[in-house]
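This briefing goes through the structure shown below by topic, beginning with model confidence and overall make-up and then turning to individual side-chain pairs and residues.

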Amino acid sequence: MALKHRRTAGSERRGRKSEQREGAGDGKDTLSNGRKAVRSFLTPYVAGVAALALAAALFNSSHLHTLFENDLFFSHLSPLERELSFRTEMGLYYSYYKALVTAPSFTAGLEGILRDNLTEYPSTINTLRRFNLYPEVVVGGLFRVYRAGLHLLGATGVHCFSIRRGLGQPPVQACNGLGDPAYFYVSLVFSLNGLLAAGLALLGCYLSQSLVGGVLSTLAFFHNHGEATRVMWTPPLRESFAMPFLLLQLLALTHTLRHRRPSWFQYLTLAASSLAFLLPWQFAPFCLLTQTLSLLVVHSLRLISAQKFLLILSALGTAFLLNILLQFANTLLLTSYFASCLLSCMVITLLHNMSNKLTYIPLILLWEGSLVVVG
């Protein structure tokens, strides 16, 4: 009996040792598989694409800043002259940013723009609902954090100097550096628009499946730079904040269309990029409207499946609903053509089996087009 017990204990110990060796082997296999995945991802092609996108972003940001400086001589303007350089609605948008950074606290500034009685006096309006001011809220918050960090370090973040105007005019003081509110604002806009060139380079590489496509698209962008963007002349306008995210949204959409079985990752990236594009710009729904109608034609020609089209519509619809909530149920969004188009396209997708009975392509286009018009 004792001998049998010793044999059983010995077999159990040997079993545990073999399990430990197998577990260690599984861990080594997992680690080696992870290393192989990293090596397969870090190919010369991926490194070249990343280098191209980074170079395009840095060059575009620097080029925009140079054009802006050459046009206004912004670095040698007084604080008042810098604010006066933002003409028309640009000054309106910048005034809300200034209110946020000059308020006693960020919450007090946010409360001021949520209950604003100056813009449409004597009425009190919610400017976050009336205008697309989330860029100013984000930039204002970042500036307050940056200024608090400078205060902790005992730094100012600016370099000030006196400028003689001549002709009997008194000298004015100008301050350059990210510690100046206006300088911080325009610098962040130009840095963000570095993503515009980077997104174009990535999209060119992804569509052509080669580095040459990315290089050609980047060169074409800089060759037609004056027609491709106007952010260097109008930094505070809404499209200055939205256009970089449009390129990322197109990249996410292209990846979803190319993927055989789109998953939650494609859904989330498309929804997030669409929301980032919608929030800053009041005309972004019109851009997504033309995109949705184009996708409807592609679906009608049976070039993409109904399941993939429904996933894209769901991502766009999620982003649109979140945009409506964040803008406090803006009536222009609720009654926009994009909202009705999304609903119509979802109905068309759900009635996919009915349209499948039509074998003649023009009839399918007529059927689905009539549903969109009715919607």
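The model is predicted, and the protein averages a pLDDT of 85, with 82% of the residues scoring at least 70. Both D180 and R82, which share one of the salt bridges described below, are buried. The protein has 19 helices and two strands, and its side chains form six salt bridges and one disulfide.

**Confidence**

- Over residues 1-6 the pLDDT is below 50, and this stretch has zero contacts in the model beyond near neighbours in sequence.
- Where pLDDT is low, the predicted coordinates should not be read in detail.

**Overall make-up**

- Of the 375 residues of the protein, 41% count as buried, while the protein as a whole exposes about 21100 Å², of which carbon and sulfur atoms supply 67%.
- Among the contacts in the protein with a separation of 6 or more, 68% come from residues that are 24 or more positions apart.

**Salt bridges**

- In the pair of D180 and R82, the side chains meet with an N to O distance of 2.9 Å; this pair links distant parts of the chain, given that D180 sits in the loop between β2 (172-176) and α8 (181-192) and R82 in helix α3 (residues 79-84), 98 residues apart.
- The accessibility of this pair can be stated briefly, as both D180 and R82 are buried.
- A salt bridge also joins the side chains of E111 and R115, with an N to O distance of 2.2 Å; here E111 counts as partly exposed at 38% relative accessibility, whereas R115 is exposed, with a relative accessible area of 54%.
- R230 and E239 likewise meet through their side chains in a salt bridge, at 2.5 Å from N to O; R230 is partly exposed with a relative accessible area of 46%, whereas E239 counts as buried at 16%.

**Cysteines**

- C160 and C175 form a disulfide in which the sulfur atoms are 2.0 Å apart, and the link is right-handed, with 105° about the S-S bond.
- Because C160 lies in strand β1 (residues 159-163) and C175 in strand β2, the disulfide ties together parts that are 15 residues apart in sequence.
- The two partners fall into separate accessibility classes, since C160 is partly exposed with a relative accessible area of 33%, while C175 counts as buried at 17% relative accessibility.
- Why is there no bond between C341 and C345, given that each is the cysteine with the sulfur closest to that of the other? The sulfur of C341 is 4.0 Å from that of C345, which is too far for a bond, because a disulfide requires the two sulfur atoms to be within 2.5 Å.
- Both members of this unbonded pair count as buried, C341 at 3% relative accessibility and C345 at 0%.

**T349 and its surroundings**

- T349 is found in helix α17 (residues 337-350), and with a relative accessible area of 7% this residue is buried.
- A polar atom of the T349 side chain lies 2.7 Å from the backbone oxygen of C345, the cysteine that counts as buried at 0% relative accessibility.
- When residues up to four places away in sequence are not counted, T349 touches A306, F309, L310 and L313.

**S62 and S187**

- S62 is found in helix α2 (residues 44-72), where this serine is partly exposed, with a relative accessible area of 44%.
- Although S62 and S187 are 125 residues apart in sequence, their C-alpha atoms are 9.6 Å apart in space.

Note on methods. Residues are numbered from 1 along each chain as its sequence is written. This is a predicted model: local features need pLDDT of at least 70, side-chain atom pairs count only at pLDDT 80 or more; totals for chains, interfaces and linings use all residues. Side-chain values use heavy atoms; hydrogens and water are left out. pLDDT is the predictor's confidence in each residue, from 0 to 100. Contact means heavy atoms within 4.5 Å. A salt bridge is a side-chain nitrogen of Lys or Arg within 4 Å of a carboxyl oxygen of Asp or Glu. Helices (H or I, at least four residues) and strands (E, at least two) are DSSP runs, numbered from the N terminus. Buried means under 20% relative accessible area, exposed over 50%, partly exposed in between (1.4 Å probe, protein chains only). Accessible areas come from the Shrake-Rupley method with a 1.4 Å probe; for residues, only the protein chains shown count as cover. A polar contact is a pair of N or O atoms within 3.5 Å; within protein, one must be able to donate a hydrogen and the other to accept it, and residues adjacent in sequence count only if both atoms are side-chain atoms.
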